[in-house]
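Thanks for making time this morning. I would like to walk you through a structure that is new to most of us, taking the contact between its chains as the starting point and then looking at each chain in turn.

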Amino acid sequence: MQFTLSVDRDRLIKTVLYFLLVTLAYAICGTRGMVWGPDMVTVNPMPFIIAAIAFYEGPYMGGGLGLYAGLLLSIQSHTHEGFEALVLAMLGILCGSAAVLFMRRTFASVMVCGLSFMAVRGIISSIYYQLFYGIPWQGIMVEYLKITFLSALAGALGWVIVSNIHRRFTPKGNY
Amino acid sequence: MKFLRSRLFAFIMCIVLLCVGLMLHSAYTGESSRLTRLLGTVVTPVQNAVAGAFDGVNGFFGYFYRYSSLVEENRRLQEELAEYREMEQKYLNAINENTELRKLTGLKAKYRDFDFELCQVASVYRGSAQAGMVLSKGSSAGIEQGDTVMTRGGMIGYVSDLGPGYCEVVTVLDVAFKAEAKVARTRETVIAEGDFQLMGDGYFRLSYLSPDCDIQEGDIIETSGYAGVYPQGLILGTVKRVELDSSGLMAYAVVQPVEDISEVRWVYAVKDFEVVD
């Protein structure tokens with residue numbers, strides 16, 4: 001009984017910490033003065049953080065936090081509300097249910113999933129801006145490459161934090 | 001088939017239905033849902049706190065690495081101030097003459113009255129073709145969708161969406177920004193809009209100019225006030241250069257905004273205005 005209560009308490013603490021991590025990542029990356037790079041873009045480590053959480057905690061935690069992260073991102077961008085939440089939730093679910101069957105829970109796997117998501121997201125953005133604003137898709141893709149590179153660096157830090165939270169609050173037999 | 005009856009499939013369907021519902025609500029009403037507004041109201045103070053901490057650190061270290069650029073900027077501003085003092089006397093004479101002529105002809109006096117709400121910039125966003133910011137106040141302070149956002153220098157954007165404790169701003173650099181404007185010197189009407197190519201340099205453009213238009217470097221661009229969407233006479237920026245577009249048939253002007261959008265800390269949301277010109 002005590003062991004079960006301890007596992008539930010640890011799971012609760014992990015969930016709270018992951019929520020705080022996602023919230024802080026959103027707050028820090030959007031802060032004035034945190035726009036990076038020669039063209040001053042805002043980094044987006046959310047795909048990497050959500051992929052890492054999904055790999056370690058499964059599709060439900062990954063999907064739920066992906067939904068939360070997407071809703072946060074829609075506050076500061078004028079993409080249609082719900083779109084970011086849907087794609088990030090699907091990322092979390094896919095990583096947590098399918099990817100874990102074929103990939104090990106390592107840094108490289110998280111980065112591959114995060115980069116794949118950013119590539120797909122970049123293609124969608126390119127098509128959208130080409131269709132509705134007449135902006136050449138090549139320009140959008142180049143811009144997205146810059147965002148992806150910088151976001152991957154921030155996402156790597158996110159993976160370190162997630163893996164440490166998981167290691168700290170998961171019983172040794174359940175890694 | 002087993003997957004369709006599983007808990008995971010039910011979870012996926014719940015998320016899809018929720019997100020599609022949010023998208024339809026956003027597309028139909030043009031506003032965020034209560035869920036997003038609640039999240040924004042809760043998270044914006046966190047962003048404010050992070051921004052405040054960052055400002056503190058930046059201010060401390062900025063004293064060391066920004067000293068020479070501040071000295072240079074100070075010298076440049078003093079030269080500009082001296083020029084403006086020379087022009088001030090001419091402007092005062094012109095204003096007095098204008099006032100007397102208005103009295104003589106019975107015209108109403110020029111009058112501008114704004115109802116401002118001072119807001120802190122909680123976050124700045126630069127995406128693939130977006131340039132926006134989130135402010136620390138929202139509908140509970142009387143701000144509404146479409147309200148003009150400005151600094152002491154002039155207009156920098158408008159409110160695109162809001163919740164009780166926050167509002168999203170589309171800035172002049174964003175590709176979605178479009179406003180009717182005037183060249184202060186010639187009173188020519190132009191269209192000011194964001195441009196993807198110029199966004200990275202921090203500029204926007206005036207479009208649909210004729211190749212022989214009378215616009216030159218240094219011209220002030222201000223809001224026209226037509227249709228009453230934005231107050232008349234707010235400065236949008238200064239012309240940097242005029243170029244021909246790729247077709248060679250039309251020209252466009254590259255305009256520098258009144259402020260560096262990424263450095264702005266405090267702005268005014270114009271809740272109501274009255275301009276008599």
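**Where the two chains meet**

Let me begin with the contact between the chains, to which chain A gives 43 residues and chain B gives 44 residues. Please keep in mind throughout that this is a predicted model. On the side of chain A that touches chain B, the elements giving two or more residues are α1 (2-30), α3 (59-76), α4, α5 (107-133) and α6 (137-169) of chain A. Of these, α3(A) provides the largest share, with 9 residues. If we sort that side of chain A by class, we find 24 nonpolar, 15 polar and 4 charged residues.

Within this contact, I would like to pick out one pair of helices. Helix α4 of chain A, residues 83-102, and helix α1 of chain B, residues 7-29, have axes that come within 8 Å and cross at roughly 165°. How are the two helices oriented, parallel or antiparallel? Because the limit for calling a pair roughly antiparallel is an angle over 145 degrees, α4(A) counts as roughly antiparallel to α1(B). The crossing of α4(A) past α1(B) is left-handed.

As for the residues involved, α4(A) makes this contact through Phe83(A), Ala85(A), Leu86(A), Ala89(A), Ile93(A) and Ser97(A), while α1(B) answers with Leu8(B), Ile12(B), Ile15(B), Val16(B), Cys19(B), Leu22(B) and Met23(B). Sorted by class, the contact between these two helices has 12 nonpolar residues and 1 polar residue, and no charged ones.

**Chain A by itself**

Turning to chain A, we have 6 helices and 0 strands, so to speak a run of α-α-α-α-α-α from the N terminus on. Of its 175 residues, 50% are buried. Among the contacts in chain A with a separation of 6 or more, 68% join residues that are 24 or more positions apart.

**Chain B and its barrel**

Chain B, by comparison, has 4 helices and 12 strands, and its C-alpha trace spans about 85 × 45 × 45 Å along the principal axes. Buried residues make up 37% of the 277 residues here, and residues 24 or more positions apart account for 58% of the contacts in chain B with a separation of 6 or more.

Six of the strands form a closed barrel in chain B, running β6-β7-β8-β11-β10-β9 with antiparallel pairing. Neighbouring strands of this sheet are turned by 40° against each other on average, if direction is ignored. Strand β6(B), residues 178-183, and strand β9(B), residues 220-223, run antiparallel and are joined by 3 bridges. In one of the bridges to β9(B), Ala181(B) has Thr223(B) as its partner.

**A closer look at one residue**

Finally, where in chain B is Thr151(B) found? Thr151(B) lies in the loop between β3 (148-150) and β4 (155-162) of chain B. This residue is partly exposed, because 17 other C-beta atoms lie within 10 Å. Apart from its neighbours within four places in sequence, Thr151(B) is in contact with Ile156(B), Val258(B), Glu259(B), Val264(B) and Val267(B). The C-alpha atom of Thr151(B) is separated by 49 Å from that of Ala10(B), and the two residues are 141 residues apart along the chain.

Technical notes. Residues are numbered from 1 along each chain as its sequence is written. Chains are lettered from A and ligands numbered from 1 in the order in which they are written. This is a predicted model: local features need pLDDT of at least 70, side-chain atom pairs count only at pLDDT 80 or more; totals for chains, interfaces and linings use all residues. Two strands pair if DSSP finds at least two bridges between them. Axes are lines fitted to C-alpha atoms, for helices over the stretch in contact, and angles run from 0 to 180 degrees between N-to-C directions. A residue is buried if 20 or more other C-beta atoms lie within 10 Å of its own, exposed if 12 or fewer, and partly exposed in between; C-beta atoms are placed from the backbone. Two residues are in contact if their C-beta atoms, placed from the backbone, lie within 7 Å. Angles under 35 degrees count as roughly parallel, over 145 as roughly antiparallel, 65 to 115 as roughly perpendicular and the rest as oblique. A crossing is left-handed if the near helix is turned anticlockwise from the far one by less than a right angle, and right-handed if clockwise. Ala, Val, Leu, Ile, Met, Phe, Trp, Tyr, Cys and Pro count as nonpolar, Asp, Glu, Lys and Arg as charged, and the others, Gly among them, as polar.
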